[in-house]
Amino acid sequence: MRKAFLPLLMGLALLLTACPGPGSALPPGDHVLSGMVVSEGAGAPVKGATLRLYLQGTLVRTTTSDVEGRFAFDRLPEGVYRLEAQKPGMAGSVVEGIPVPAMDRITVIQKPAFDRSASTTPPTLIITQNGTDPLAGGTFTDAIPFRVQVDTSKDYVKPMRYIYVALGRTPGSAFLTQTATSSRRLFTDTEDTDNQTLSGSQVAGFGDVDGEEVYLEVVAYDFNNNRSHYILPLTFVNTSTAQGNTVSAPTQVAATAITLTQAVGFYSVKAPLSLTVPLGKGQVGEMPLAAPEGSNLYVEVRWCYTDTAVPFAFDIERSQDGQNWTRVGTVGGARSASCSTNAFNRPFYFRDASPDLTPGQTYLYRVVARGANRAESAPSSTTPLPPFFAPLMAPLDEAQGVSKTPDFVIGHPQLSIGADGAAYNLVLWDTLTGDNVTWQTLGGGPLLVEFGTENEGNGIPQGEALVYGFPGSTFTVYTDTAGLLNPSRPNAVPVDVAQGTVTLPYNFDGFASLPELQALRTYAWQLYVSYAYKYNPGENRISAYSIQTWPNSTSFIRLSRPGTQVFEFTTGE
């Protein structure tokens with residue numbers, strides 16, 4: 001059903017053409033606009049940012065973000081607003097075209113300035129169909145023409161980094177990620193996208209035969225990280241015949257929370273394509289690391305759909321109580337005859353990078369196939385973990401006279417973050433030759449360390465521990481303090497559950513290149529891979545990971561991520 005856009009369009013037109021004026025009395029209203037200022041899409045909160053709210057070019061409210069980055073404006077009249085955020089040391093950020101009350105919550109992304117002495121004024125954008133005809137408020141069928149131009153007469157820092165264009169069903173919902181059946185447009189190093197079109201997978205699942213209200217969202221970054229976010233209402237008619245299909249429920253839905261120690265930005269360090277991780281007890285597989293840009297906590301929802309009647313769309317819904325559900329995303333409908341037992345290989349997916357995702361809070365996700373009817377999947381649960389950090393403890397950095405067969409001790413804070421285990425891969429190299437890797441544990445595979453969390457977690461009794469791995473694809477137990485899997489209770493990798501440490505004796509696995517290290521030689525060591533994980537016994541799988549460090553394909557082999565601890569030591573006689 002079409003809804004009147006006239007009030008929004010009148011406000012938007014004034015908003016896009018007027019300059020901010022002096023403050024004035026705000027007409028009475030009963031609406032609220034609240035939100036958060038974060039340094040990335042799901043990153044750290046920005047405390048002390050000054051937020052200025054404009055209505056029709058007039059400054060009407062000012063506030064400051066609190067220690068959690070939160071802010072709120074109450075008693076607002078209906079209208080289309082502009083919100084600006086500024087803070088010393090941070091780039092400027094603006095959200096243009098906020099429709100209140102249709103949008104009552106907003107996330108403002110404010111990145112650190114690349115150059116603190118440069119301008120923090122976000123770029124001004126001109127968004128049209130073709131450089132002339134207005135786009136906001138238009139009605140379009142099966143495709144949306146657009147052109148985004150930077151107003152070069154206004155202040156910003158050249159060159160532009162990125163311009164991103166996508167559709168959202170509700171304002172602010174166009175996530176910066178692509179899926180198997182949906183996509184967005186991304187332009188780099190340009191002030192003018194020229195005439196372009198959103199079509200095919202870029203509009204899949206949006207609109208209907210009568211015309212649906214949707215929002216075109218444009219995000220642009222200049223060279224100083226100044227960010228502009230424009231929200232434009234329009235009506236989209238989609239003539240896809242899949243809307244008439246009678247569909248069945250998606251199957252094998254699996255929600256997995258992934259926490260990274262640092263956010264993945266548009267132009268910051270990228271994750272590898274995949275990481276070898278445990279999938280469940282006695283199982284390992286490849287997990288794709290593909291965080292939505294600007295995120296360090298997200299939930300990847302994967303599912304299957306094998307019925308021959310192809311859905312028009314998949315709606316992804318989230319709940320905290322299993323009763324009240326909120327749609328967090330929509331992707332295009334499709335079918336696939338395959339459905340892998342490995343959740344990460346299932347054909348359809350969506351990544352929820354909502355900034356309100358909170359470690360320790362359990363979330364339920366379901367997928368709704370939509371055609372002529374709605375068919376809801378069974379729910380899947382996940383509990384995100386907080387950031388994980390396993391410190392290097394011994395040999396200490398710059399230690400002298402270290403044994404030629406040293407013990408490597410690392411902190412294992414699994415229990416303190418609510419995890420059920422952690423995986424490590426240690427790399428040791430000779431600093432004299434630089435690229436001479438002396439030892440990489442398990443030949444590069446993960447060593448899994450699990451301190452007991454009872455039947456609600458890993459099934460290991462409290463106070464006991466299990467250490468195992470898959471060298472050469474062979475399941476091998478190195479330590480079993482309770483004799484659960486090996487009655488002889490091996491102790492090749494000693495643990496201290498009370499102190500939260502694990503000790504890796506040199507060459508305990510037989511993968512070292514030397515029987516002992518050379519005397520009076522300097523070596524360096526680090527955790528090449530380190531992450532914690534949490535079991536979901538009800539679904540017989542692991543449903544949360546917190547990743548400290550992972551391989552970096554763009555750097556030298558001895559480094560994984562910038563900021564990773566690297567300790568050097570010198571052996572004795």
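**Exercise 1. Locate Asn225 and describe its backbone and its exposure.**

Solution.
Step 1: Asn225 sits in the loop between strand E14 (212-222) and strand E15 (227-237).
Step 2: Check the backbone. Asn225 is not a glycine, yet its phi is positive, about 75 degrees.
Step 3: Check the exposure. The relative accessibility of Asn225 is 7%, so Asn225 counts as buried. The cut-off for buried is under 20% relative accessible area.

The model used here, and in every exercise below, is predicted.

**Exercise 2. Treat Asp142 in the same way: where does it lie, what is its phi, and is it buried or partly exposed?**

Solution.
Step 1: Asp142 belongs to the loop between strand E9 (139-141) and strand E10 (144-150).
Step 2: Its phi is positive, about 65 degrees, although Asp142 is not a glycine.
Step 3: Asp142 has a relative accessible area of 31%, so it is partly exposed. Partly exposed lies between the 20% and 50% cut-offs.

**Exercise 3. Summarise the chain as a whole.**

Solution.
Step 1: Take the secondary structure. The chain has one helix and 38 strands.
Step 2: Take burial. Of the 573 residues in the chain, 56% are buried.
Step 3: Take the contacts with a separation of 6 or more. Residues 24 or more positions apart account for 69% of them.
Step 4: Take the surface. The chain exposes about 22,700 Å², and carbon and sulfur atoms supply 50% of that area.

**Exercise 4. Find the disulfide, place both cysteines and assign its handedness.**

Solution.
Step 1: Search the whole structure. The search finds one disulfide.
Step 2: Name the pair. Cys304 and Cys339 form the disulfide, with their sulfur atoms 2.0 Å apart. The cut-off for a pair is within 2.5 Å.
Step 3: Place the partners. Cys304 is in strand E19 (residues 295-304), and Cys339 is in the loop between strand E21 (326-332) and strand E22 (348-352). They are 35 residues apart, and the pair links distant parts of the chain.
Step 4: Read the torsion. About the S-S bond of Cys304 and Cys339 it is about 85 degrees, so the disulfide is right-handed.
Step 5: Set the two ends side by side. Cys304 is buried, at 0% relative accessible area. Cys339 is partly exposed, at 34% relative accessibility.

**Exercise 5. Describe the surroundings of Thr259.**

Solution.
Step 1: Thr259 is part of strand E16 (residues 251-264).
Step 2: With 2% relative accessibility, Thr259 counts as buried.
Step 3: Look for a polar partner. A polar atom of the Thr259 side chain lies 2.7 Å from the backbone oxygen of Leu385.
Step 4: List the contacts, leaving out residues up to four places away in sequence. Thr259 touches Asn296, Leu297, Leu385, Pro386, Pro387, Tyr545, Ser546 and Ile547. Leu385 therefore appears both as polar partner and as a contact residue of Thr259.

**Exercise 6. Repeat the analysis for Thr181.**

Solution.
Step 1: Thr181 falls in the loop between strand E11 (160-168) and strand E12 (185-188).
Step 2: Its relative accessible area is 14%, so Thr181 is buried.
Step 3: The Thr181 side chain reaches the backbone oxygen of Gly332 at 2.7 Å.
Step 4: Residues up to four places away in sequence are again not counted. The residues touched by Thr181 are Ser201, Ala204, Val331, Gly332, Ala334 and Phe348.

**Exercise 7. Which residues do cis peptide bonds join at Pro101 and Pro395, and where does each proline lie?**

Solution.
Step 1: Val100 and Pro101 are joined by a cis peptide bond with omega about 15 degrees.
Step 2: Pro101 is in the loop between strand E6 (93-100) and strand E7 (105-109).
Step 3: Ala394 and Pro395 are joined by a cis peptide bond with omega about -5 degrees.
Step 4: Pro395 is in the loop between strand E26 (392-394) and strand E27 (399-402).

**Exercise 8. Characterise the nonpolar patch that includes Phe475.**

Solution.
Step 1: Phe475, Leu484 and Leu485 make a nonpolar surface patch of about 280 Å².
Step 2: Phe475 lies in the loop between strand E32 (465-469) and strand E33 (476-480).
Step 3: Phe475 counts as partly exposed, at 39% relative accessibility.

**Exercise 9. Place Pro446 and give its C-alpha separation from Gly469.**

Solution.
Step 1: Pro446 is in the loop between strand E30 (436-440) and strand E31 (447-451).
Step 2: Pro446 counts as buried, at 11% relative accessibility.
Step 3: Pro446 and Gly469 are 23 residues apart along the chain, and their C-alpha atoms are separated by 6.3 Å.

Technical notes
Residues are numbered from 1 along each chain as its sequence is written. This is a predicted model: local features need pLDDT of at least 70, side-chain atom pairs count only at pLDDT 80 or more; totals for chains, interfaces and linings use all residues. Side-chain values use heavy atoms; hydrogens and water are left out. Helices (H or I, at least four residues) and strands (E, at least two) are DSSP runs, numbered from the N terminus. Buried means under 20% relative accessible area, exposed over 50%, partly exposed in between (1.4 Å probe, protein chains only). A polar contact is a pair of N or O atoms within 3.5 Å; within protein, one must be able to donate a hydrogen and the other to accept it, and residues adjacent in sequence count only if both atoms are side-chain atoms. Contact means heavy atoms within 4.5 Å. Patches are made of residues with over 30% relative accessible area and no salt bridge: like charges are joined within 9 Å, nonpolar side chains (Val, Leu, Ile, Met, Phe, Trp, Tyr) within 5 Å. Accessible areas come from the Shrake-Rupley method with a 1.4 Å probe; for residues, only the protein chains shown count as cover. A salt bridge is a side-chain nitrogen of Lys or Arg within 4 Å of a carboxyl oxygen of Asp or Glu.
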